[in-house]
Amino acid sequence: MTDANLDPAAELVGLGLERREARWLVEEFLPGGDSDALPVLRAAAQRRLNGEPLQYIIGHWPFRSLDLDVDSRVLIPRPETEELVDVALAQLAAAASGAPLILDLGCGSGAIGLSLLDELRTRGVAATLIALDESADALDVARSNARKHHLHAVSFVHSSWFDALDDSLRSRVDLIVANPPYVAAAEMANLDPVLNYEPRGALVAPDVRGVAGIEDLEIILRDAQAWLRPGGSLVMEHGESQRLALLDLAQKNGYVHVRDLDDLSGRPRVLVARRPE
Ligand SMILES: C[S@@+](CC[C@H](N)C(=O)[O-])C[C@H]1O[C@@H](n2cnc3c(N)ncnc32)[C@H](O)[C@@H]1O
């Protein structure tokens, strides 16, 4: 018997997988060590060796308190987006809204909005979420993640940004969270090839006035204020090169308490802005 027979992870490492990824695949596809499942494990390993993201192969991935189902219909939730959730929770705590209304723009798998609902529930706060996306496929994934985690105070809206939102919501939203597409088309070639497996519409945005990938960020920043209640906050993820343009636009659009935060790797990442009281 070879080492690989004793330790299937060793076989996958021998094929070229990183040890950590090999272990995750074994935990997922060979949980009881059942050798009948070896062909399934090897097929999964081959998909990874071909370049497919591990998250899509495994089909679910942790994001803060949630285990989210993910597949090629949605962006793989990123660790820096987990940091955005902390910023959003702090904004709500500072506003002390009893039962906040939250709008998640471009919800994808539901990562931001659903984890906010879940963590607020744990704190005894009964929030309501509107999760919005222009991708009907993404909304299906988010809906199923909401069911999986028994999160019921959520409605799903198929819309390009604010276009299909009910007018009655104007000036009523306590918190808008967004992680819109912000990669320029020209940047895609230099980035991790894993991005080629993710929906392009979740990643790439047009340039505006020479600022790469900023169009969706600008639309959201320009239009969000009309939907926030006075004192309500916008918390929005963005790329490294977009900080100055967004800070400038936030000031010009009359937001207050405008700041931009670095992520844990020290890169410009999250814009925070409030509608004046
Ligand atoms: C970067 S992904 C973020 C997904 C999720 N919020 C997350 O953080 O993992 C951007 C999302 O915005 C959606 N999107 C792109 N353009 C949009 C638009 N014009 N209106 C609404 N959603 C849009 C995409 O379908 C995608 O789900």
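**Entry 1: contacts and overall form**

I began with the contacts in the chain between residues at least 6 apart in sequence, and found that 65% of them join residues at least 24 apart. I note here that I am working from a predicted model. I then looked at the dimensions, and along its principal axes the C-alpha trace of the chain spans about 70 × 45 × 30 Å. For 277 residues a compact globule would have a radius of gyration near 19 Å, and I read 20 Å for the chain, which agrees. I also looked up burial, and 40% of the 277 residues count as buried.

**Entry 2: secondary structure and domains**

I listed the secondary structure of the chain, which comes to eleven helices and nine strands. The domain assignment gives me domain 1, residues 3–50, and domain 2, residues 73–274, and I find their C-alpha centres 36 Å apart.

**Entry 3: the largest nonpolar core**

Next I asked which residues touch the most other members of the largest nonpolar core. They are I176, V177 and V235, in a core of 75 residues. I then looked for the element that gives the most to this core, and helix α7 (residues 111–122) does so with six residues. Because domain 1 and domain 2 both give residues to this core, I place the core between them. I remind myself that in soluble globular proteins nonpolar side chains tend to be buried together.

I followed I176 further, leaving aside residues up to four places away in sequence, and found that I176 touches L103, L105, A224, W227, L228 and L234.

**Entry 4: around the ligand**

Which of the residues around the ligand come nearest? Of the 21 residues there, I noted G106, G108, E134, N179 and A202 as the nearest. The elements that give two or more residues to this shell are α7 and α9, the latter being residues 200–203. Sorting the residues of the shell by character, I counted ten nonpolar, eight polar and three charged.

**Entry 5: a look at A43**

Lastly I turned to A43, which I located in helix α4, residues 38–49. Is A43 buried or exposed? I found 11 other C-beta atoms within 10 Å of A43, and since a residue with 12 or fewer counts as exposed, I record A43 as exposed. I also took the separation of A43 from I57, which lies 14 residues apart from A43 along the chain, and the C-alpha atoms of the two are separated by 9.9 Å.

How values were computed:
Residues are numbered from 1 along each chain as its sequence is written. This is a predicted model: local features need pLDDT of at least 70, side-chain atom pairs count only at pLDDT 80 or more; totals for chains, interfaces and linings use all residues. A nonpolar core is a set of buried Ala, Val, Leu, Ile, Met, Phe, Trp, Tyr and Cys residues joined through C-beta atoms within 7 Å. A residue is buried if 20 or more other C-beta atoms lie within 10 Å of its own, exposed if 12 or fewer, and partly exposed in between; C-beta atoms are placed from the backbone. Helices (H or I, at least four residues) and strands (E, at least two) are DSSP runs, numbered from the N terminus. Domain bounds come from an automatic or database domain assignment. Two residues are in contact if their C-beta atoms, placed from the backbone, lie within 7 Å. A residue is near a molecule or strand if its C-beta atom, placed from the backbone, lies within 6 Å of it. Ala, Val, Leu, Ile, Met, Phe, Trp, Tyr, Cys and Pro count as nonpolar, Asp, Glu, Lys and Arg as charged, and the others, Gly among them, as polar. The radius of gyration is taken over C-alpha atoms; the globule rule is 2.2 Å times the number of residues to the power 0.38.
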